[in-house]
Amino acid sequence: MTVRTTRRVFLSAATMMAAALAATACGSPQDTASGGGDGAAPVKVGLVYSQSGALASYGKQYIEGFRAGLDFATRGTGKVGDRAIEVTEVDDAGDPAKAVSAAKDLIGKGTKIIAGSTSSGVALQVAPIAAQNKVLFISGPAATDAVTGANRYTFRSGRQSYQDVVTAKSFIGDPTGKKVVVFAQDGAFGDANEAAVKAVIGGAGATVSSVRAPASATEFTPFASQIRSAKPDLLFVAWAGTTAPAMWQTLDQQGVLSSTTVVTGLDIRASWPTFGAAGTKISFLSHWFDGAADTEAAKAAKAKVPGGTLDLFHPDGFAAAQMVVRAVEQGGDDVDKMIKGLEGWSFEGVKGTMTIRAEDHALLQPMFQAKLTGSGSAYTATAQKSLTGDETAPPVGQMKG
């Protein structure tokens with residue numbers, strides 16, 4: 001489920017994680033890894049993510065977060081015991097075929113840990129490759145629920161769509177008897193969001209209907225009238241593309257934003273000006289924004305990230321690095337031991353307490369309700385409520401492979 005305002009929504013790509021305090025769990029990064037292998041040889045880690053393409057801005061945040069997380073988790077040494085973490089970065093440009101080719105090439109060169117996957121389509125293609133070759137795969141910002149439980153070799157360092165929708169549900173309390181309307185464009189993206197809301201919020205007792213607009217629509221007054229007539233307790237907006245500013249302006253002018261609770265996902269900071277004057281009237285579900293939590297990991301990340309401001313996907317990269325260090329500490333070169341070392345592990349990340357659920361490798365994590373103040377490029381986000389990892393946990397799924 002992907003709620004995205006300008007480019008991504010809440011279900012497939014495209015709202016937070018990372019950083020283990022050195023004291024967490026078993027051993028320090030300064031201790032020798034326990035899984036065997038050459039005690040002096042570097043540990044090869046391949047990062048396959050979007051350096052270019054439509055999600056390049058997400059990939060940039062991911063890699064900045066990863067570098068900060070690796071520094072944090074290894075106490076600035078870049079090593080686990082005496083073994084250096086040797087990172088190879090490859091651009092998949094958001095293309096699953098390129099990602100699969102890169103993963104196979106890295107595996108052929110002896111890489112036992114692959115991380116990255118900015119897009120959901122990439123993650124779903126790389127996960128089977130990891131299982132076939134018995135290497136560890138830590139998916140990144142890709143939000144599709146299908147990554148969770150894909151196979152025992154696959155983990156995730158970001159949130160999943162279910163956690164987005166559960167956060168949206170939190171704005172109306174008990175959904176029983178409530179009316180929810182999904183406003184989205186026609187097409188697969190809108191279908192996915194509508195299905196997600198019906199499953200999660202409708203499944204909890206709400207009546208869910210939808211107002212759908214053609215992807216080519218530029219006049220939104222008729223749709224605003226339909227929404228007003230429905231008198232929903234919650235309007236869930238899932239929108240992608242360049243028409244977002246006009247859509248939000250119309251909802252505001254037609255009184256929709258003042259007549260009900262309107263929820264959408266808070267995307268990267270660069271997208272915030274697209275809300276225009278409507279921004280302060282919207283309730284946002286959020287994976288992460290700068291200042292959402294004041295953890296030691298967040299402080300460490302801010303100190304290392306260029307510009308000193310954290311954005312949506314910095315925590316995903318930071319958490320991935322923490323997970324890589326944990327895997328090597330526990331497994332050395334033995335992937336089975338890496339998996340066992342990650343399953344059930346709780347650590348303190350950028351967002352707060354993160355737990356890797358052993359049964360299906362879901363990453364339980366805090367999520368946030370947020371509001372914007374200010375205007376345009378000067379918008380500032382503030383957390384209204386934090387939801388714990390248990391409160392936003394997806395149902396336990398069966399491991400598929």
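Let me start with the sheet. Six strands make up an open sheet, ordered E2-E3-E1-E4-E5-E6, with mixed pairing. E2 and strand E6, residues 154–156, are the edge strands. Each has a single partner strand, so one side of each has no neighbour in the sheet. Keep in mind that this is a predicted model.

Now the pairings, one at a time. Take E1 and E3. E1 covers residues 43–49, and E3 covers residues 83–91. They run parallel, with seven bridges between them. For a landmark, look at Tyr49: it sits opposite Asp91 in E3.

E1 also pairs with E4, residues 113–116. That pairing is parallel too, over four bridges. Here the landmark is Val48, whose bridge partner in E4 is Gly116.

What about E2 and E3, parallel or antiparallel? Antiparallel, over two bridges. E2 is short to write down: residues 79–80. Val80 has Arg83 in E3 as its bridge partner. The two strands form a hairpin with two residues between them. One to check on screen is Gly81, which takes a positive phi near 65°.

Next, the domains. There are two. Domain 1 is written in two segments, 43–159 and 294–361. Domain 2 is 163–286. How far apart are their C-alpha centres? The answer is 31 Å.

So to the interface between them. Eight residues of domain 1 contact six residues of domain 2. The two domains bury about 630 Å² between them, and 46% of that is on carbon and sulfur atoms. Which residues of domain 1 lose the most area to domain 2? They are Arg159, Asp311 and Leu312. Together these three make up 60% of what the domain 1 side buries.

Then the polar side of the story. Three residue pairs are in polar contact across the interface. By class, the domain 1 side that touches domain 2 has three nonpolar, three polar and two charged residues. The salt bridge count between the domains is one.

Stay with Arg159 for a moment. Arg159 forms a salt bridge with Asp164. The closest N and O atoms of that pair are 2.9 Å apart. And Arg159 is also among the three domain 1 residues that lose the most area to domain 2.

To recap. The sheet is open, six-stranded and mixed, with E2 and E6 at its edges. The domain interface buries about 630 Å², and its salt bridge count is one. Questions, please.

How values were computed. Residues are numbered from 1 along each chain as its sequence is written. This is a predicted model: local features need pLDDT of at least 70, side-chain atom pairs count only at pLDDT 80 or more; totals for chains, interfaces and linings use all residues. Side-chain values use heavy atoms; hydrogens and water are left out. Domain bounds come from an automatic or database domain assignment. Contact means heavy atoms within 4.5 Å. Buried area is the accessible area (1.4 Å probe) that two parts lose on being put together, summed over both. A salt bridge is a side-chain nitrogen of Lys or Arg within 4 Å of a carboxyl oxygen of Asp or Glu. A polar contact is a pair of N or O atoms within 3.5 Å; within protein, one must be able to donate a hydrogen and the other to accept it, and residues adjacent in sequence count only if both atoms are side-chain atoms. Ala, Val, Leu, Ile, Met, Phe, Trp, Tyr, Cys and Pro count as nonpolar, Asp, Glu, Lys and Arg as charged, and the others, Gly among them, as polar. Two strands pair if DSSP finds at least two bridges between them.
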